[in-house]
Amino acid sequence: MSKVKYYYDPDTLSYRKIEPKKSKKYRNLFFFLVGSALFGLLGLIVLLNTNWLNTPKELSLDREVRNYELQYEILTRKMNQMEQVLANIEDRDNNIYRLYFEANPIPEEQRRAGFGGVNRYNSLEGFNNSEIIINATQRLDIIQKQMVIQSKSLDEIAKLAEEKEKLLAAIPAIQPVRNEDLTRMASGYGWRSDPFTKARKMHWGMDFTAPRGVPIYATGDGTVKRADNRSSGYGKHIRIDHGYGYMSLYAHLSKYNVSKGQKVKRGDLIGFVGNTGRSEAPHLHYEVFKDEERINPINFYYGSLTAEEFENMLKFANQENQSLD
């Protein structure tokens, strides 16, 4: 029951009842209705932005969309990592591996080339998230293409490395007679006095003085092409074809430890020092050929001599003395 309000009337010296004006009633009613409508609208907005009024199917679809968004974010991070790792491998491939093996770097435009011609992604168009799906698919296709190019490049590098290893093993790179077996290094490559005619003539190899029977070793991997005494002046001698244009010759041997056609490795025992052929004393005459041209053997001892030993050999080899053959 509403409260009744009174006021004191001094003229009648009594209390009179206050009668509310109709306009005020209507105004209060209007404000009440407007306030109720506003609060109702606000409540409706809140309800529409919450899951309270969503159906189970809508809630399930909402969870599925959020899951797709999460998976796409994870996929994007993985693609970023893959691109970074691949870029690092490509950089090392071009600037280290291919450079070392003297192979041309793969051009950047070849690594980054896109896919021309027919639209490969038209089946992905027309969806709400087509742009996102096409972008992710394109990135994955490009990464896959880069991986294929890089895989082929590494196969090529592996083949080049194998060839490089074979080349390094084939090059005549050690001294054919061990230092402890030498009497001395008698004569080097260059103009020398002939021991028989005393005339000055070109000496095409190096002479290693050693007692008869001292072991002689192959200076690089290869195949024995000759092991005979049918070459004038060399006596019993061996020729090893190392491939890549290299050949080594070992002359004036006392006997062989290999035969024609035999495969040998660097350091294998192939024969023994002697004094056969045109020779003044027991020694090994050693020559190196590159593309059928004789070259100075002193440049090929990096596999067996220290810097000090090489310096001493260089000093003796450069002396214009008398050769032994």
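The following dialogue goes through several labels attached to this predicted model and sets each against its definition.

Guide: This is a predicted model, in which local features need pLDDT of at least 70 and side-chain atom pairs count only at pLDDT 80 or more, while totals for chains, interfaces and linings use all residues. Residues are numbered from 1 along each chain as its sequence is written, and side-chain values use heavy atoms, with hydrogens and water left out.

Visitor: Why is Val34 called partly exposed?

Guide: Val34 has 34% relative accessibility, and the label covers what lies between buried, under 20% relative accessible area, and exposed, over 50%, with a 1.4 Å probe and protein chains only; Val34 therefore counts as partly exposed. Its place is in helix H1, residues 22-48, where a helix is a DSSP run of H or I with at least four residues and a strand a run of E with at least two, numbered from the N terminus.

Visitor: What makes Phe30, Phe31, Val34 and Leu38 a nonpolar patch?

Guide: A patch takes residues with over 30% relative accessible area and no salt bridge (a side-chain nitrogen of Lys or Arg within 4 Å of a carboxyl oxygen of Asp or Glu), and nonpolar side chains (Val, Leu, Ile, Met, Phe, Trp, Tyr) are joined within 5 Å, like charges within 9 Å. Phe30, Phe31, Val34 and Leu38 form such a patch on the surface, with about 420 Å² of accessible area together, by the Shrake-Rupley method with a 1.4 Å probe, only the protein chains shown counting as cover for residues.

Visitor: How do you know that S7 and S13 pair?

Guide: Two strands pair if DSSP finds at least two bridges between them, and three bridges join S7 to strand S13 (residues 269-273), the two running antiparallel. Within this pairing Ile216 stands opposite Gly271 in S13.

Visitor: Which strands are called edge strands in the open sheet S7-S13-S11?

Guide: The sheet has three strands in that order with antiparallel pairing, and strand S7 (215-217) and strand S11 (253-256) are the edge strands, as each pairs on one side only.

Visitor: Why is His252 called buried, and why is Asp291 called exposed?

Guide: His252 has a relative accessible area of 1% and is therefore buried, whereas Asp291, with 53%, is exposed. His252 lies in the loop between strand S10 (246-251) and S11 and has a positive phi of about 70° although it is not a glycine; Asp291 lies in the loop between strand S14 (283-290) and strand S15 (293-295), and its phi, near 55°, is likewise positive in a residue other than glycine.
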